[in-house]
There are 2 protein chains.
Amino acid sequence: MKKTEQITIHDLARALEIDSSTVSRALNDSPRVSAKTKKRILDKANELGYQRNSLASNLRTNKTNTIGVIVPRISRNFFSNVISGIEETAYQAGYNVVICQSLESLDREKKIMNSLLSNRVDGILISTSMETENMDHLKPYLNNVGPIVFYDRPCDFENCSSISINDYKASFEATEHLIANGCKHIVYFSGPQTVSLYRNRKQGYIDALKKHDIEFNEAYCFESMLSEDNGIESAKKVLKLPVVDGVYSANDTAAIGAMQYFKSKGVKVPDDIAVVGFNNDPISGVIEPSLTTINQPDFEMGKIASSVLLQQIKNKDINRKKQSAVLDIELIKRNSSKKM
Amino acid sequence: MKKTEQITIHDLARALEIDSSTVSRALNDSPRVSAKTKKRILDKANELGYQRNSLASNLRTNKTNTIGVIVPRISRNFFSNVISGIEETAYQAGYNVVICQSLESLDREKKIMNSLLSNRVDGILISTSMETENMDHLKPYLNNVGPIVFYDRPCDFENCSSISINDYKASFEATEHLIANGCKHIVYFSGPQTVSLYRNRKQGYIDALKKHDIEFNEAYCFESMLSEDNGIESAKKVLKLPVVDGVYSANDTAAIGAMQYFKSKGVKVPDDIAVVGFNNDPISGVIEPSLTTINQPDFEMGKIASSVLLQQIKNKDINRKKQSAVLDIELIKRNSSKKM
DNA sequence: TTTAAAAATACAATCGATTGTATTTTTAAA
DNA sequence: TTTAAAAATACAATCGATTGTATTTTTAAA
């Protein structure tokens, strides 16, 4: 195996004694080249093993046909489904997708933004990290290159669109469901309040309590990154509180950590403590008792976010309009919240 | 927000009345530029909001500082851990990582190869799709651009390295474990035999049976893509067989589908049928009974694959030597295989 | 102060495509 | 057959960097 010299359009042009501009047009199937010449060029390209160099093309056209996706963590089921939706729409439109994970780190998010900027991707879809408080690091890209659309974790920034669910309402429903099942002392596992999504979920919880005349108690809210270990930690704290008959967690991962801990301590779910999660991870249907949770239209969210972004890329209006969308969720009632 | 004109090194050069080559060298911190000039240039770059264009740079240097990773499915825990390992090593070495999922489709794998080739990534890490039977679609990249390293699903192709586990041995151990727990009629859930990894796993199963004087029966092997639904399908077939006291599945996903089905039919795991999976997915520790499985050093596999690839990228030897590695696995004994 | 060596900077070509304009060739109407 | 219009092709500049070589400036030894 030896590394051959790269064949360029100029090599093809020379071999056929025609101009490289004609070769370029032929390879792009331009109507300005005759069918006969196109065939000669294509044949020669195959013969010599020509491989187009997108770097050169992208540089010249100032277009990469690529969108960047920044995701906190690809291993989360919710996010991998969103990505599938994004890819489906993007590939159909002839775009490549570059997936980057921030691992919930602002520092990595900044580095990723930098790399996507210097590589001039045509647009970016982002669900910001839990550490991200302001969006200054998005400005250089937004001002110099292309549109950004937020998904999952919405954000009111410049005139960027957000595709998300109504976290407030979902949270309200989840909490009300626990109350309807007889819970009066509900602990809430919250995500970082830097993220608006988690602020909204918390407010939904608070307002649902309020509606049913249950006093809100900050001591019943545990804020964490919602990992499984965080869930275990929070569960320990729960068992130290005087009376708790319900736990509502802002994601399934932490809910499942807690359930495992409760199980190990002989605390019965749902009879002693009912549990509701968020995200409908596959694991939520397998754990015993099965976990009541909120299902989000993840795949659809990806598709919509992607198509809004592509629209904004095509339509190079300097003043992009917001095209935000709020998708519907569904409360999946399972056994972890069914008292008696 | 208005899209400003892109600032280039030529704009900086003009503004400072120096040559663009000096600007370029300054931005790359070349020793050929005086400290004073460097500072002037950097200040001006900040002032004008200069953003380097990697397309131009990569085109000129014929180097992208990017590696491509082709993964069958990012949502599988095993693969997302491998990716984390890859990213860790690559980022430390100053490389970007482009993640692409084939979704086990050869067609998509080909398209991805094409895109990575035309974008001239410096090297590729690949776990081939279940549909991939021959590697012809890897040749253009290998011949014209850079090295390819296989991970997870090894392959003897040209002089590409493979980083994998000893699937034969792992499978042998898993099967022997079931036998040690009293199983005599073990069904095997296999992946597609197009993939050498699944061929090796099957052989490990067969040889373990042989060693313990259990007759191998092809009718006890169900081949599928090993999705959860495939697991359920296979479980249905298992219950139609005369005597089965053990199931060994080539991945956890299918094993869990089967366990859920057994549960719904009142078949007790492990007492009626013991189950062993493969991959140590998080869900395997949560399901009841907890699932005995094979743990692979996924994160480490990613790190090693990545570092082997980076070495081969640096060392542009035309004749790359194989630097394959076989990593150790661990049988995680849990409750799904503990008879009595 | 002169001058050779070293340091700093400028010149010019280049990476591999694309594209507006100019020129040549072909077509078809007169 | 002539000729204007249409089709096909060629010319030349360009995208934004990098880099080998040439030139200028600075440094320091004589």
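**Figure 1. Packing of helices α2 and α3 in chain B of the predicted model.** Helix α2 (residues 20–27) of chain B packs against helix α3 (residues 35–48) of chain B at an angle of about 90°, and the two axes lie 9 Å apart. The helices α2(B) and α3(B) are therefore roughly perpendicular to each other. On the α2(B) side the contact involves B:T22, B:V23, B:A26 and B:L27, which meet B:T37, B:K38, B:I41 and B:A45 of α3(B). By class, the residues of this contact of α2(B) with α3(B) comprise 5 nonpolar, 2 polar and 1 charged.

**Figure 2. Crossing of helices α1 and α2 in chain A.** The axes of helix α1 (residues 9–16) and helix α2 (residues 20–27) of chain A come within 8 Å and cross at roughly 115°. This angle makes α1(A) roughly perpendicular to α2(A). The crossing of α1(A) and α2(A) is right-handed. From α1(A), the contact is made by A:I9, A:H10, A:L12 and A:A13, and from α2(A) by A:S20, A:V23, A:S24 and A:L27. The residues of the contact of α1(A) with α2(A) divide into 5 nonpolar and 3 polar, with no charged residue.

**Figure 3. The parallel sheet of chain A and helix α9.** In chain A, 4 strands in the order β7-β6-β8-β9 form an open sheet with parallel pairing. Strands β7 (221–223) and β9 (274–276) of chain A are the edge strands, each pairing on one side only. From one strand to the next, the twist averages 15°. Strand β8 (residues 246–249) of chain A is joined to β9(A) by 3 bridges, and the two strands run parallel. Within this pairing, A:V247 has A:V275 in β9(A) as its bridge partner. Helix α9 (residues 196–211) of chain A lies across β6 (186–190), β7 and β8 of chain A, and runs at about 175° to β6(A).

**Figure 4. The parallel sheet of chain B with helices α9 and α11.** The open sheet of chain B has 4 strands in the order β7-β6-β8-β9, and the pairing is parallel. At its edges stand β7 (221–223) and β9 (274–276) of chain B, each with a single partner strand, so one side of each is left without a neighbour in the sheet. The twist from one strand to the next averages 15°. Strand β6 (residues 186–190) of chain B and β7(B) run parallel and are joined by 3 bridges. B:F189 has B:F222 in β7(B) as its bridge partner. Two helices of chain B are shown with the sheet. Helix α9 (residues 196–211) of chain B lies across β6, β7 and β8 (246–249) of chain B, running at about 175° to β6(B). Helix α11 (residues 252–264) of chain B lies across β6, β8 and β9 of chain B and runs at about 150° to β8(B).

**Figure 5. The interface between chains A and B.** Contacts link 41 residues of chain A with 41 residues of chain B. On the side of chain A that touches chain B, the elements giving two or more residues are α4 (54–61), α5 (77–92), β2 (96–101), α6 (106–118), α7 (139–144), α11 (252–264) and α12 (282–286) of chain A. Of these, α4(A) gives the most, with 5 residues. By class, this side of chain A has 17 nonpolar, 18 polar and 6 charged residues.

**Figure 6. Symmetry relating chains A and B.** Chain A is superposed on chain B by a rotation of 180° with 0.0 Å of shift along its axis, at an RMSD of 0.1 Å. That is the relation of a two-fold axis. Of the interface residues of chain A, 100% are also interface residues in chain B, so the copies meet through the same surface.

**Figure 7. Backbone features in loops of the two chains.** Most residues other than glycine have a negative phi, and most peptide bonds are trans. In chain A, the peptide bond from A:V269 to A:P270 is cis, with omega near 10°. A:P270 is found in the loop between α11 and β9 of chain A. In chain B, a cis peptide bond joins B:V269 and B:P270, with omega of about 5°. B:P270 has its place in the loop between α11 and β9 of chain B. A:R120, a residue other than glycine, has a positive phi near 55°. A:R120 lies in the loop between α6 and β3 (123–126) of chain A.

Key
Residues are numbered from 1 along each chain as its sequence is written. Chains are lettered from A and ligands numbered from 1 in the order in which they are written. This is a predicted model: local features need pLDDT of at least 70, side-chain atom pairs count only at pLDDT 80 or more; totals for chains, interfaces and linings use all residues. Two strands pair if DSSP finds at least two bridges between them. Axes are lines fitted to C-alpha atoms, for helices over the stretch in contact, and angles run from 0 to 180 degrees between N-to-C directions. Two residues are in contact if their C-beta atoms, placed from the backbone, lie within 7 Å. Copies are superposed by least squares on the C-alpha atoms of residues with pLDDT of at least 70 in both. Angles under 35 degrees count as roughly parallel, over 145 as roughly antiparallel, 65 to 115 as roughly perpendicular and the rest as oblique. A crossing is left-handed if the near helix is turned anticlockwise from the far one by less than a right angle, and right-handed if clockwise. Ala, Val, Leu, Ile, Met, Phe, Trp, Tyr, Cys and Pro count as nonpolar, Asp, Glu, Lys and Arg as charged, and the others, Gly among them, as polar.
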